[in-house]
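Biologist: Please take a close look at one place in this model where two parts meet, and then follow the same theme elsewhere.

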Amino acid sequence: MDFLTNLGNGFSIALNPWNLIFAALGAVIGTAIGVLPGLGPPATVALLLPLTYKMDPTAAIIMLAGIFYGAMYGGSTTSILLNIPGEAASVVTCLDGYKMARQGRAGPALGISAMGSFIAGTISIFGLSLVAPTLASFALKFGPPEYFSLILLGLMMAVYLSEESIVKGLVMGGLGLLLGTVGIDPVLGATRFTFGLSRLTDGFDFVVVAMGLFGISEVLINLEAPEVRDIFKTALKRLLPTLEDWRRCWASVVRGSLLGFFIGVLPGGGAIISSFVSYAVEKRVSKHPEQFGKGAIEGVAAPESANNAASTSSFIPLLTLGIPGNATIAMIFVALMIHGIRPGPLLIQEHPNLFWGVVASMYIGNLMLLGLNLPLIGFWVRLLRVPYHFLAVVVVTICLIGAYSVKNSAFDVGMMVIFGVLGYFMRKGGFPPAPLILSMILGPILERSLQQSLISSGGEVSIFFEKPISAALLSVAAFLMLTPIFKRLWKRNALTNSP
Amino acid sequence: MKNLTDILGSLFLILLGIGAIIGAIGLRVGTPTEPQPGFFPFLSGAIIVILSSIIFVQGWLGRSKRRIGLGEIKRPAMLIAVLAAFVAVLEPLGYVLASPFLIAVVLRIMGIKSWRALLVTSLVLSIGTYLLFDWLLGITLPAGILTRFGL
Amino acid sequence: MKKRSLLLSLFLLSLFCVHSVQAQEFPTKPVLLIIPFGPGGASDLTARALVSVAPDHLGQPIVIQLKPGGGGAIASEMVAKAAPDGYTLLMGGPGPNTTLPAIEGRSKGPDDLVAVCRINYAPMFVLVPTHAPYKTFKELIQYAKAHPNQLKFGHAGVWGGPDLCWKQIMHQTGITTKVVPYDGGGEALLGILGGHIDIVVLAPTQTLPHIKAGKLRPLAVSDTRRDPDLPDVPTLKEEGVNIVNLLWKGIMAPKGTPRPIIEKLALAFKKMTEDRSAIAMIKKLGDDFHYLGSEEITKYWREEFETHKELGKIFKK
């Protein structure tokens, strides 16, 4: 077996004591920056690049990769504890994770996301080591029409992110699309809705919008109560998920992992789409969809597994094609270049030790992360016993620093406060923030892929139906769009027929 | 029973959507097969207007389930004002000088009355976050007027 | 006596030729170099390689500050507004300082900033899939003429270097192609490898492995000379189109910065780009230094500015 000898060889490299130390270092740094919003993985990797100049390339990549997937473990922590999504892929985790924390179930929420991430990571690495080249050619086949249909399908799923009114969820999706158009249009370079402010030409940054809509607005809402002391139930029953929890969500973890693995291969929005598509799938197959958004553990397990699996599979385009799929992977690309390795289609043949060493180190790194994160849960949960006004000040400070650090500008801090106020009124009116944020991020990709498809086809809309993958995705989207209507008609029929 | 929050919210959104449509027409909308820069803004504006109208009608007829009053608005408004002030002074004053005031005022709004608690928390938190982010993590926080003293 | 005459001469000097005194003393404090892009980008990494040796050649350290935003406009406007004393500099380039001011009327260009020197540059390659029917640049143009508006060119950002370079080619040769919008070089590369587009124009860093793997064929380079890594690829000029389009990085200062200070800075940067440890660092990044003095780069920059202005008039509908 070629694969086993390669992997065995990889493990012998990854188990080298220095490489083990660097994997552990990466895991620790990654967890820390995942927890601290404001310093995302790309910036951290950029900061650490000079340190890797003198390191062995395999050790360097092992450490940087550890930071990347370690941050995915840590990223869910602030979503669950403070309702601040550290990155776009953990927006969905806020929906049920934060609710669970307020019900005194922060421990199980953190536990399931750590264990789910571990399982997902392992499944995804296994997939990576087995079918990386095949999957890479699949990612290449994914052209503009396929992207368009996938993202359209993803945005349809946004319906499932609203707990009460579907219409309100859709309106927020529309608002997100609108906010996503702010900046420079991709075809002609026209500036849209910038009101003469050159700071708006880049559009809105995710961190600025998310920290405002989630973090700041949460504090504002809690201030309405005359005495804000404890908003978390402090009778913390258990620190880890129960057997009942596991029975409910093991299938969610597996489904999330698979979705994350496949969708995560796609450069661009892969991790984000997989996180909320997996949430939507869980809500749809669940026997009790009404519990979603109110603290359903599947709503944490599925997206957390998905985004972790996606973070692993997003290495595939880099390692097999030499194309960085997201900002962090782009920094790892630079790290490879520094060591004289040009990532490209020949990487696995030319540097097998690097490839298999890094892959094997991911198995080990995931195990380390599990060992690191499970004991931390007790600490995080105890943190929630701090009186809420102190916690609120911490939330406000973190949001301010996070927004400032995006572009080192006070303008962004101001924008974040404005989004905080908007989020506050949205909450009061029952308008869900998650569809807004997701369509704001995906809208520009949708627009670009639409333009790419139409310009390529010379304005022929049939391009979306002629390509099999695109056509299949569109039919699923149409099915999803139509079923709620049929369901309603069915219900009405049933009501009038029954006595 | 009319639902006031839904009516007000949907009216705001309808106006916003109309604004987007007007802006989109200024950018040129194009056709679905040959979209121009205004196409997406137009589409999103239209989605917002149509769906908000549904919310408006439902709110007017009192059909929607959710009913919440405006609630206690004073404290949130105070926090918003404080945050706005913080944004204004952040770059001229610098993070180390501006943040203790912000933190103290926020704690005061939250109902902390003990001056010692205010002083200790605000100083510890602002200096602590400065050291953590600026020194340890290398995020440049605005130094403001402290730069004049060569800090 | 000695002391007094020194003081007197200093006083006189400060009265009559303030600038030269400033230049002699300059720099007395660290110099701030503002990078208009985010961390980890080519500008950031190049600047870091440079400033590591700054104290040896300038006598003072250079502090890097990242001010991304508005495609580089935020940083450019900040530097243009700064005091013209040589202590605030910009790591500028054609994106924020030629194209934006020439075509969009935003950011700051050669009218508001002075070029101290060029640090380095990268040419761009016109690339097509290896299996395409055209094997040379001339064949590509013939094919495009025979099949008007059929070939698909993928740009890497509207009005970016590749986009402008291709539009220049279309304008000079009279061919027409579809221009498909792509977000960045990585996405465009994925597009051409997946067969969704026919032509890309990209810098060599990302594309070299694909050329070596036999997936992409470089047809021409936008430099004045052939690339040492790919000596068989002709320049655009050799292929009959008069285009030189380089992605350069240069040091810029606010307009009104005294000439002696500019010269002092330029000399210091020249020495930095010749410093062995700085060269070792930049080579590790797969890049190099290509220093060019203030006058030469100013001339190039001005010509580039006028060309972009003209292209903007032609292609901006």
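**Where parts meet**

Modeller: Happily! Let's begin inside chain C: domain 1 of chain C and domain 2 of chain C bury about 860 Å² between them, with carbon and sulfur atoms giving 82% of that area. Buried area here is the accessible area (1.4 Å probe) that two parts lose on being put together, summed over both. On the side of domain 1 of chain C, Leu247(C), Leu311(C) and Phe315(C) lose the most area to domain 2 of chain C, and together they make up 52% of what that side buries.

Some ground rules before we go on. This is a predicted model, in which local features need pLDDT of at least 70 and side-chain atom pairs count only at pLDDT 80 or more, while totals for chains, interfaces and linings use all residues. Residues are numbered from 1 along each chain as its sequence is written, chains are lettered from A and ligands numbered from 1 in the order in which they are written, and side-chain values use heavy atoms, leaving out hydrogens and water.

As for the two partners, domain 1 of chain C covers 2-121 + 247-315 and domain 2 of chain C covers 125-221, with bounds from an automatic or database domain assignment. Their C-alpha centres lie 33 Å apart. Eleven residues of domain 1 of chain C and nine residues of domain 2 of chain C take part in the contact (heavy atoms within 4.5 Å).

Across this interface the rule finds zero salt bridges (a side-chain nitrogen of Lys or Arg within 4 Å of a carboxyl oxygen of Asp or Glu). The rule does find one residue pair in polar contact, both at pLDDT 80 or more. A polar contact is a pair of N or O atoms within 3.5 Å; within protein, one must be able to donate a hydrogen and the other to accept it, and residues adjacent in sequence count only if both atoms are side-chain atoms.

Next, the elements, where helices (H or I, at least four residues) and strands (E, at least two) are DSSP runs numbered from the N terminus. On the side of domain 1 of chain C that touches domain 2 of chain C, α6 (94-104) and α13 (294-315) of chain C each supply at least two residues. The largest share of that side, six residues, comes from α13(C).

Now to the meeting of chains A and B. Their contact takes 62 residues from chain A and 58 residues from chain B. The two chains bury about 5,200 Å² between them, 79% of it on carbon and sulfur atoms. Leu223(A), Ile401(A) and Lys428(A) supply 12% of the area that chain A buries against chain B, more than any other three residues. One salt bridge is counted between these chains: the side chains of Asp6(B) and Lys168(A) meet at 2.8 Å, N to O.

Finally, Ile109(B) lies in helix α4 (residues 95-109) of chain B. Ile109(B) counts as buried because its relative accessible area is 7% (buried means under 20%, exposed over 50%, partly exposed in between; 1.4 Å probe, protein chains only). Not counting residues up to four places away in sequence, Ile109(B) touches Leu223(A), Arg75(B), Met78(B), Leu79(B) and Val82(B).
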